[in-house]
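The following note sets out several points on the structure for a colleague's consideration. Each point may be read beside the sequence and the coordinates.

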Amino acid sequence: MSEALKGTVLLVDDDPAVAKVLGALLSQAGLTTHAARDGKEALAMLERKPVDVVVSDVRMPGMDGMQLLNEVAKGWPDVPVILLTAHGTVPLAVEAMKAGAADFVLKPFDREEILFTIRKALLRAQGEAAHEPLRTPSAFVGGSQKMAEAQALLAKAATGMATVLLRGESGTGKELAAKAVHDGSPRHAGPFVKLHCAALPDTLLESELFGYEKGAFTGAATRKPGRVELAHGGTLFLDEVGDISPAVQVKLLRVIQERELERLGGTQTVKVDVRFVAATHQPLEDLVKAGRFREDLFYRLNVVPLWLPALRERPEDIEPLARHFLDVHARTNGKPPFTLTADGLAVIQAQPWPGNVRQLQNFLERLVVLSDGQTLTGEDVSRELARQPGLSAPVLTPSQGTTALPTTSSAQPAGAESGRTLESQRKDTERQAMVDALKRAGDNRTLAARLLGISRRTLYNKLEEHGLV
């Protein structure tokens, strides 16, 4: 591995010797490591320490690797989990991928392979951080005409085998739509495998898609099936397909046309039975004209095009979405149901929500956790809006039933009399924001990071910078 790796890895294995050997190997590569002997200890460590990747044995007493995987997926969805197993088979890999594993590695592991796999997981996690899927138990909420039309098309598309291309802005729910196509199809019992195409460079993306043979490159210690093979009998969801390079486009086109592939470093043709669902926010037609996206691949993907409307195009859905997310996050955070007043709803409805449903959901989660009471008024909503970049509390008329937040005086700004610099004021404000978020989150740092709208890694760095560790 030529590039130095950066990040923190949590090693979970009931055999201290394995953890010691693997820890030394990763430390030599520039990674920070922590070790836990079982799943329970690993979960406690995740609460206390910044972790970028979890590498866990599958077979352990008590909580095994698959159970740990489920717990990490629920509590730390941004942390990828790699499973180590001495019994690696394609069925186990499919089961692990369906449960949310980033990858799996066979024991005894090869040095270059484990580093290669961890590097992929780190890059994928960094690339997917800004594309966290919507967390909602139902596929879609809202009864607007635009959404009803989209759902009707999804239901029709699901019954066939045709490739579906989901279009729309970020945050409109393209992954939810892809899962709805899979769940409503005759393939619903098969695997639903997803891959974020913009998260990996070309070489890693190819190995993820098509798999590789032993010895295909440094780090390929064993044969590894790719995501296409793992989706056999089910659906492969290619998110942000507009970001793949022309070289990968050629190979993807062949798979879609012929339903066959060759693993990297191999000569054997592998037949696959896969349905493709792709998504992008990119203007593919413009990319085709510019020569950056193959026209033949575009036509292969665009068999059933489906546009998901932006939230501003279906404002009547804001109310049911807001009430739905308030209920969901109240239950998740162990709070009683919330009441959203008419003026509170009016403030929410007045926002443009450029990040669409994802942004609305994240805002309401912060509102639930930061609220001291169970009634959310226009003043409560406006106060939280004022803390969010890119959002602002609108000044509503008295007939709309809310009082605007007091505006900052045009007189001398706070801190000017004491001669404090802007940087010192910024640091004080930042420190206090983290203290408040940790208090509201009950010292749960993962939740505190979400409340602040930053990654856990950024939160830990900031806590260390301000002496709050």
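Is Ser-245 buried or exposed?

1. Ser-245 is buried, since its relative accessible area is 14% and the buried class covers values under 20%. The residue belongs to the loop that runs between β8 (235–239) and α10 (246–258). Its C-alpha atom is 9.7 Å from that of Cys-197, a residue 48 positions away along the chain. The reader should bear in mind that this is a predicted model.

2. The loop between β8 and α10 also holds Glu-240. Glu-240 has a relative accessible area of 3% and is therefore buried. Its backbone deserves a look as well: phi of Glu-240 is near 55°, a positive value in a residue other than glycine.

3. A positive phi occurs at Trp-353 too, where the angle is near 50° and the residue is again not glycine. Trp-353 is placed in the loop between α14 and α15 (356–370). With a relative accessibility of 1%, Trp-353 counts as buried.

4. As to the chain in general, it has 469 residues, and 49% of them count as buried. The secondary structure comprises 19 helices and 14 strands. Among contacts with a separation of 6 or more, 72% are made by residues 24 or more positions apart. The accessible surface of the chain is about 21,400 Å², and carbon and sulfur atoms contribute 53% of that area.

5. Glu-213 lies in the loop between α8 (202–210) and α9 (227–230). Its relative accessible area is 14%, so Glu-213 is classed as buried. What joins the side chain of Glu-213 to that of Arg-263? The two side chains are joined by a polar contact of 2.8 Å. When neighbours within four places in sequence are set aside, Glu-213 is in contact with Ala-220, Thr-222 and Arg-223, and also with Arg-263, Leu-264, Gly-265 and Gly-266.

6. Ser-185 is located in the loop between α7 (174–183) and β7 (192–196). It is counted as buried because its relative accessibility is 4%. Apart from neighbours within four places in sequence, Ser-185 is in contact with Ala-158 and Arg-275. The C-alpha atoms of Ser-185 and Thr-235 are 9.5 Å apart, although 50 residues separate the two along the chain.

7. Two helix pairs merit description. Two packed helices are described by the angle between their axes and the distance between the axes. For helix α14 (residues 342–349) and helix α16 (residues 378–385), the angle is about 30° and the axes are 7 Å apart. The two helices are therefore roughly parallel to each other, as angles under 35 degrees fall in that class. On the α14 side, the residues that meet α16 are Asp-343, Gly-344, Val-347 and Ile-348. Their partners in α16 are Gly-378, Glu-379, Val-381, Ser-382 and Leu-385. By class, the contact of α14 with α16 has four nonpolar, three polar and two charged residues.

8. How do the axes of helix α18 and helix α19 stand with respect to each other, and at what angle do the helices pack? Helix α18 (residues 445–452) packs against helix α19 (residues 456–465) at an angle of about 100°, and the axes are 9 Å apart. This angle makes α18 roughly perpendicular to α19, because the perpendicular class runs from 65 to 115 degrees. In this contact α18 supplies Arg-445, Thr-446, Ala-448, Ala-449 and Leu-452, while α19 supplies Arg-456, Leu-459, Tyr-460 and Leu-463. These residues divide into six nonpolar, one polar and two charged.

9. Arg-431 is situated in helix α17 (residues 422–440). Its relative accessible area is 35%, so Arg-431 is partly exposed; that class lies between the 20% limit for buried and the 50% limit for exposed. Beyond its neighbours within four places in sequence, Arg-431 is in contact with His-466 and Leu-468. A polar atom of the Arg-431 side chain lies 3.5 Å from the backbone oxygen of His-466. The C-alpha atoms of Arg-431 and Leu-468 are separated by 8.5 Å, and the two residues are 37 apart along the chain.

Key
Residues are numbered from 1 along each chain as its sequence is written. This is a predicted model: local features need pLDDT of at least 70, side-chain atom pairs count only at pLDDT 80 or more; totals for chains, interfaces and linings use all residues. Side-chain values use heavy atoms; hydrogens and water are left out. Helices (H or I, at least four residues) and strands (E, at least two) are DSSP runs, numbered from the N terminus. Buried means under 20% relative accessible area, exposed over 50%, partly exposed in between (1.4 Å probe, protein chains only). Contact means heavy atoms within 4.5 Å. A polar contact is a pair of N or O atoms within 3.5 Å; within protein, one must be able to donate a hydrogen and the other to accept it, and residues adjacent in sequence count only if both atoms are side-chain atoms. Axes are lines fitted to C-alpha atoms, for helices over the stretch in contact, and angles run from 0 to 180 degrees between N-to-C directions. Angles under 35 degrees count as roughly parallel, over 145 as roughly antiparallel, 65 to 115 as roughly perpendicular and the rest as oblique. Ala, Val, Leu, Ile, Met, Phe, Trp, Tyr, Cys and Pro count as nonpolar, Asp, Glu, Lys and Arg as charged, and the others, Gly among them, as polar. Accessible areas come from the Shrake-Rupley method with a 1.4 Å probe; for residues, only the protein chains shown count as cover.
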